[in-house]
Amino acid sequence: MRYWAYLAAKLLVAWGLVAGAWKLMNALWPQPEPFMRVQLEPFARDLGYTVAVMLVGLFAVGLVYLVILDQRYRCRTCLRRLRMPLSKGSWNELVLMGPPRTEYICPFGHGTLRVPDLRLETNEPLDWHPIDDMWKELAELQDTRK
């Protein structure tokens, strides 16, 4: 639940940045003069304003992309960035080792994320594998020594 709440919070901050950029653009852009007592919208009539709207839109799309990309490489338990990328598999040993992939691990041992190096399907999911009781064997060993 924390994982999705963190994503929602980051998207809310991104929305605030885009809304602020939009308000700043509208505040700095001069309003066009009325033509025959009709106030026309500057979008699609003023090239500069239209380009500014396009840039704010690109900023919004890029920001959402970065938020989602950052979220994909976070631990599902503690929300820390995953570390220690390890390449597994190779194209030469495709049948024996499987397709090439990169594995990331949580620095506190909560789980691993397997990311395929080649996307053969469009919606191929990332494999998150939680590690339950990573230190269980060591704790049992320590208990037997006492």
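This report walks through the helices, strands and side-chain partnerships of one protein chain.

## The overall picture

The structure you are looking at is a predicted model, and a good place to start is its list of parts. The protein has four helices and four strands. If you follow the sequence from its beginning, these elements appear in the pattern α-α-β-α-β-β-β-α.

How much of the protein is tucked away from the surface? Of its 146 residues, 24% count as buried. The protein exposes about 11,400 Å², and carbon and sulfur atoms supply 64% of that area. Among contacts with a separation of 6 or more, 39% are between residues 24 or more positions apart.

## Two helices side by side

Let's look at helix α1, which covers residues 2–28. A little arithmetic checks its length: at 1.5 Å a residue, its 27 residues should span 39 Å, and the end C-alpha atoms are indeed 39 Å apart, so the two values agree. You can repeat the exercise with α2, residues 47–72. Its 26 residues should span 38 Å at 1.5 Å a residue, and its end C-alpha atoms are 38 Å apart, which agrees.

Which residues of α1 are buried? They are Y3, L7, K10, A14, V18 and M25. Try reading their numbers with this idea in mind: an α-helix has 3.6 residues a turn, so residues three or four places apart point the same way. The buried residues of α1 pack against α2. In α2, the buried residues are Y49, A52, V53, V56, A60, L63, V67, D70 and Q71, and they pack against α1 in return.

## A tryptophan facing the second helix

W22 is a handy residue for seeing how the helices meet. W22 is found in helix α1, and it touches Y49, V53 and V56, leaving aside residues up to four places away in sequence. Those three partners are among the buried residues of α2. W22 itself is partly exposed, because its relative accessible area is 37%, which lies between the 20% and 50% cut-offs. The C-alpha atoms of W22 and A60 are separated by 10.0 Å, although these residues are 38 residues apart along the chain.

## Aromatic pairs

The count of aromatic pairs comes to three. One of them joins Y3 and W4 edge-to-face, with 5.1 Å from centre to centre and 85° between the planes. Are these two partners buried or exposed? Y3 counts as buried because its relative accessibility is 9%, under the 20% cut-off. W4 counts as exposed because its relative accessibility is 57%, over the 50% cut-off.

Another pair is formed by Y73 and Y104, also edge-to-face, at 5.3 Å centre to centre with 70° between the planes. This pair links distant parts of the chain: Y73 sits in the loop between α2 and β1 (83–88), while Y104 is in strand β2 (residues 101–105), 31 residues apart. Y73 is buried, since its relative accessibility is 18%.

## Salt bridges

How many salt bridges does the whole structure hold? A search finds six. In one of them, R74 partners D70, with the closest N and O atoms 3.0 Å apart. R74 is buried, because its relative accessible area is just 13%.

E103 takes part in two of the bridges described here, one with R101 and one with R114. The closest N and O atoms are 3.3 Å apart for E103 and R101, and the distance is 2.9 Å for R114 and E103. The bridge between R114 and E103 links distant parts of the chain, from strand β3 (residues 111–116) to strand β2, 11 residues apart. Salt bridges that share partners also join K10, D70, R74 and R81 into one network. As for exposure, E103 is buried at 9% relative accessible area, whereas R101 is partly exposed at 22% and R114 is partly exposed at 28%.

## A nonpolar patch on the surface

Finally, turn to the outside of the protein. W91, L94, V95, L96, M97 and L118 make a nonpolar surface patch of about 700 Å². One of its members, M97, lies in helix α3 (residues 94–97). M97 is partly exposed, with a relative accessible area of 46%.

Definitions and conventions
Residues numbered from 1 in each chain as written. Predicted model: local features only at pLDDT ≥ 70, side-chain atom pairs only at ≥ 80, totals over all residues. Heavy atoms only, no water. Expected span 1.5 Å × (residues − 1). Buried < 20%, exposed > 50% of the residue type's maximum accessible area, 1.4 Å probe, protein only. Contact = heavy atoms within 4.5 Å. Phe/Tyr/Trp six-rings, centres within 6.5 Å; stacked < 30°, edge-to-face > 60°. Salt bridge = Lys/Arg side-chain N within 4 Å of Asp/Glu carboxyl O. Patch = residues over 30% accessible without salt bridge, like charges linked within 9 Å, V, L, I, M, F, W, Y side chains within 5 Å. Areas by Shrake-Rupley, 256 points an atom, 1.4 Å probe, with all protein chains shown as cover.
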